[in-house]
There are 2 protein chains.
Amino acid sequence: VTEPARRRLTRDERRAQLLAIGRRQVERTSFDGLSTDVVADEAGISRGLLFHYFPSRDAYVVALAEDAARELLEVTDPDPDLPPLARLRQGLAAYVDYVVAHRGMYLALIRGASGGKPEMQAVFERTRGALAERVLEGLGEDPAAAAPTLRLVARGYIAFVEEVVVAWLREPDPSPDAPALLATLEAAGASLVAAAGVPPERLTGGS
Amino acid sequence: VTEPARRRLTRDERRAQLLAIGRRQVERTSFDGLSTDVVADEAGISRGLLFHYFPSRDAYVVALAEDAARELLEVTDPDPDLPPLARLRQGLAAYVDYVVAHRGMYLALIRGASGGKPEMQAVFERTRGALAERVLEGLGEDPAAAAPTLRLVARGYIAFVEEVVVAWLREPDPSPDAPALLATLEAAGASLVAAAGVPPERLTGGS
């Protein structure tokens, strides 16, 4: 058999390939454990060419974090036609599935955010802000115009979910199981929104 | 009038003096803005003597963070004879009072925890853990033996309170006002505990 001549990757394909290789590496180790030599090797390119796509190791790490955060936001984006509580449930279920499937990357993101690099903190902050806005939108609120208390509670709820999920992932033998964790996160969201003064019928989709 | 000869400070008094001066400085600026020269000057000692008490600038910064965290835990420790909900209310009220009175130091602590230094993160992590245990104790639970879901929710609640209070403090014109914020934090705590399966009568002090 003759192999077809290897097609040169386009710029976008190469970039996507390098991000995918890096993310697999971070998943197994951490951002600190990431070796650009190993990434270049696996892609079959020189380290110099890698730095053509990402001007520095730091820039590459931030691009990996942005790529993971984008994916997290994408896979957890619920169906906008569902009523609020069902949207919350769908988004949370996708979130828990994602962090279980990408445990290493997720913990690396959280550690990266607390690692002091302002660019990593900014990725984290933007992601948290986007998730909080989604909670408000799910309630039919314009995030920019929502009542201050409700906006604070939406942000706080995202911090709550993160803390619970990280503590859960870090246990050697995570308990409760994923469905029970999900039920707790959902009940917590519903009760926090109620504590912020949103009437219960807004959650179930009545108006 | 003749002034009494200036008494030499004991080792503990000197240490406490240096911590108090440093904390006033951090309150006005941040940990990064802290100058050991200015601290030594204000204490009327040499920079060398300051490093006799704290072996390095980093060690001094960690000692300042520990001192502030200890004080925060101290002033927010509620009366153990109160029923759970009243304990929560008393602890939260003291917490909000503290962060409003020590806004600069509190925000510096939060920034410090995300500044990447493992010792600062450890101070933060211990404080968060102690506050979460207090929530469990307030419910009459042994923190080490509490149900996994309730332990996770207690940790998540502390993260919720921190996020809400930091976002609130950072607004140029904080809204809602402090009493309304407090009411929201309290309602959130009560509803989260209920969402974690604790029967309502445990909160009001029935058994």
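1. Start with a pair in chain B. The side chains of B:Arg23 and B:Asp67 form a salt bridge, with 3.0 Å from N to O. B:Arg23 sits in helix 1 (residues 11–28) of chain B and B:Asp67 in helix 4 (residues 57–75) of chain B, so the bridge ties together parts 44 residues apart in sequence. Both B:Arg23 and B:Asp67 are buried. Note that this is a predicted model.

2. Next, a network in chain A. Salt bridges link A:Arg23, A:Asp67, A:Arg70, A:Glu71 and A:Glu74. For the wider count, a search of the whole structure gives 28 salt bridges over all chains.

3. Now A:Asp37 and A:Arg47. Their side chains meet in a salt bridge of 3.0 Å, N to O. A:Asp37 belongs to helix 2 (residues 36–43) of chain A and A:Arg47 to helix 3 (residues 47–53) of chain A; the two residues are 10 apart, and the pair links distant parts of the chain. Neither end is classed as buried. A:Asp37 has a relative accessible area of 45%, which makes it partly exposed. A:Arg47 has 40% and is partly exposed.

4. Turn to the matching positions in chain B. B:Asp37 lies in helix 2 (residues 36–43) of chain B. Its relative accessible area is 45%, so B:Asp37 is partly exposed. The C-alpha atoms of B:Asp37 and B:Arg47 are separated by 6.1 Å, with the residues 10 apart along the chain.

5. A further bridge in chain A deserves a look. The side chains of A:Asp77 and A:Arg134 meet at 3.4 Å, N to O. This pair links distant parts of the chain, 57 residues apart: A:Asp77 is in the loop between helix 4 (57–75) and helix 5 (84–101) of chain A, and A:Arg134 is in helix 7 (residues 118–138) of chain A. The cover of the two ends is as follows. A:Asp77 is partly exposed, at a relative accessible area of 49%. A:Arg134 is buried, at 18%. The cut-off for buried is under 20%, so the value for A:Arg134 falls within that class.

6. How are the two copies related? Chain B superposes on chain A by a rotation of 180° with 0.0 Å of shift along its axis, and the RMSD is 0.0 Å. The copies are therefore related as by a two-fold rotation axis. Both use the same surface: 100% of the contact residues of chain B recur in chain A.

7. On the fold of chain A: the chain has 10 helices and 0 strands. Read from the N terminus, the order of elements is α-α-α-α-α-α-α-α-α-α. The C-alpha trace of chain A spans about 65 × 40 × 35 Å along its principal axes.

8. On burial and contacts: chain A has 207 residues, of which 48% count as buried. Consider the contacts in chain A with a separation of 6 or more. Residues 24 or more positions apart account for 66% of them.

9. On surface and charge: the exposed area of chain A is about 10,200 Å², with 53% of it supplied by carbon and sulfur atoms. Chain A carries 24 positive and 30 negative side chains. The centres of these two sets lie 6 Å apart.

Terms used
Residues numbered from 1 in each chain as written. Chains lettered and ligands numbered in written order. Predicted model: local features only at pLDDT ≥ 70, side-chain atom pairs only at ≥ 80, totals over all residues. Heavy atoms only, no water. Salt bridge = Lys/Arg side-chain N within 4 Å of Asp/Glu carboxyl O. Helix = DSSP H or I, 4+ residues; strand = E, 2+ residues; numbered from the N terminus. Buried < 20%, exposed > 50% of the residue type's maximum accessible area, 1.4 Å probe, protein only. Least-squares fit on C-alpha atoms with pLDDT ≥ 70 in both. Contact = heavy atoms within 4.5 Å. Areas by Shrake-Rupley, 256 points an atom, 1.4 Å probe, with all protein chains shown as cover. Lys, Arg positive; Asp, Glu negative; His and termini not counted. Charge placed at Lys NZ, Arg CZ, Asp CG, Glu CD.
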